[in-house]
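Colleague: I am new to this structure and should be grateful for a close look at a single part of it. Would you please take me through the aromatic rings and the pocket beside which they are to be discussed?

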Amino acid sequence: MTNATPGKRQAAVQRKTGETEVKLSVDLDGSGAGVRNSGIGFLDHMLDLFAKHSMIDITVEAKGDLHVDDHHTSEDIGIVLGSAINQALGDRCGMRRYGHCILPMDECLTRCCIDISGRPWLVRNVFLPNISIKNIETEIFREFFQSFSQSAGFTLHIENIYGQNTHHII
């Protein structure tokens with residue numbers, strides 16, 4: 001179920017599967033406010049930082065089969081977040097199509113380039129030294145970005161140039 005607000009860059013999306021139920025809303029002209037409650041602490045932390053630095057209000061309420069693992073919940077949040085941002089962008093009229101960021105985070109350096117063309121693709125060149133962070137398999141973040149880029153209709157190129165701390169790299 002989806003709901004875009006006419007005249008505003010806002011949207012709300014819900015997704016319910018056999019494994020998860022995700023409710024998410026975005027306001028692209030926000031301040032970074034909102035609540036992130038996925039049941040996965042590290043993912044909530046990453047979503048908090050994304051909201052804060054993009055100044056997008058994001059509210060996420062997710063319930064998933066976390067007793068199995070974090071995969072379905074992370075993947076479905078990526079799908080719903082991408083869908084909500086895609087809807088909130090509307091026809092993209094008057095927007096710059098391309099963007100990039102080179103981000104230093106302590107000892108690591110990461111580059112992200114984006115094309116909001118409507119042609120989804122993910123290129124991810126990221127080596128993560130640790131396979132888990134506090135019992136979260138780090139491979140779920142590839143799934144998150146894949147799901148996000150597909151549902152948002154974005155081409156994403158993410159490359160970790162160097163770094164040692166998996167938390168900082170993600």
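**Aromatic rings and the largest pocket**

Modeller: F144 is buried, since its relative accessible area is 8% and the limit for that class is under 20%. Please bear in mind throughout that this is a predicted model. F145, by contrast, counts as partly exposed, because its relative accessibility is 24% and the class in question lies between 20% and 50%.

A pair of aromatic rings is described by the distance of the centres and the angle of the planes. For F144 and F145 the ring centres are 5.4 Å apart and the planes stand at 85°, so this pair is edge-to-face; an angle over 60 degrees is what that term requires. The rings of F148 and F154 are also edge-to-face, because their planes meet at 75°, with 5.8 Å between the centres. Both F148 and F154 are buried. Ring pairs join F144, F145, F148 and F154 into a cluster, and the model has 4 aromatic pairs by this rule.

F145 leads on to the largest pocket. Among the residues of the lining, F50, S54, C101, C112 and F145 lie nearest the centre of the pocket. The volume of this pocket is about 1500 Å³, and its lining is made up of 43 residues. In character, 29 of the lining residues are nonpolar, while 9 are polar and 5 are charged.

Which elements supply the lining? At least two residues each come from helix 1 (41–54), helix 2 (71–89), helix 3 (140–152) and helix 4 (166–169), and likewise from strand 6 (98–105), strand 7 (108–115) and strand 11 (155–162). Helix 1 contributes the most, with 8 residues.

One further phenylalanine, F127, deserves separate attention. F127 is placed in the loop that runs between strand 8 (121–125) and strand 9 (132–133). F127 is exposed, because its relative accessible area of 61% is over the 50% that the term demands. Apart from neighbours within four places in sequence, F127 is in contact with N160 and I169. The C-alpha atoms of F127 and T166 are 8.7 Å apart in space, although 39 residues separate F127 from T166 in sequence.

To draw the part together: F144 is buried, F145 is partly exposed and F127 is exposed. F145 belongs both to the ring cluster and to the residues nearest the centre of the largest pocket.

Note on methods:
Residues numbered from 1 in each chain as written. Predicted model: local features only at pLDDT ≥ 70, side-chain atom pairs only at ≥ 80, totals over all residues. Heavy atoms only, no water. 1 Å grid on protein atoms, 1.4 Å probe; cavity = no way out; pocket = protein on both sides within 12 Å on 5 of 7 lines; lining within 4 Å. Points joined across faces, edges and corners; volume = space filled by probe spheres on them. Helix = DSSP H or I, 4+ residues; strand = E, 2+ residues; numbered from the N terminus. Nonpolar A, V, L, I, M, F, W, Y, C, P; charged D, E, K, R; others polar. Phe/Tyr/Trp six-rings, centres within 6.5 Å; stacked < 30°, edge-to-face > 60°. Buried < 20%, exposed > 50% of the residue type's maximum accessible area, 1.4 Å probe, protein only. Contact = heavy atoms within 4.5 Å.
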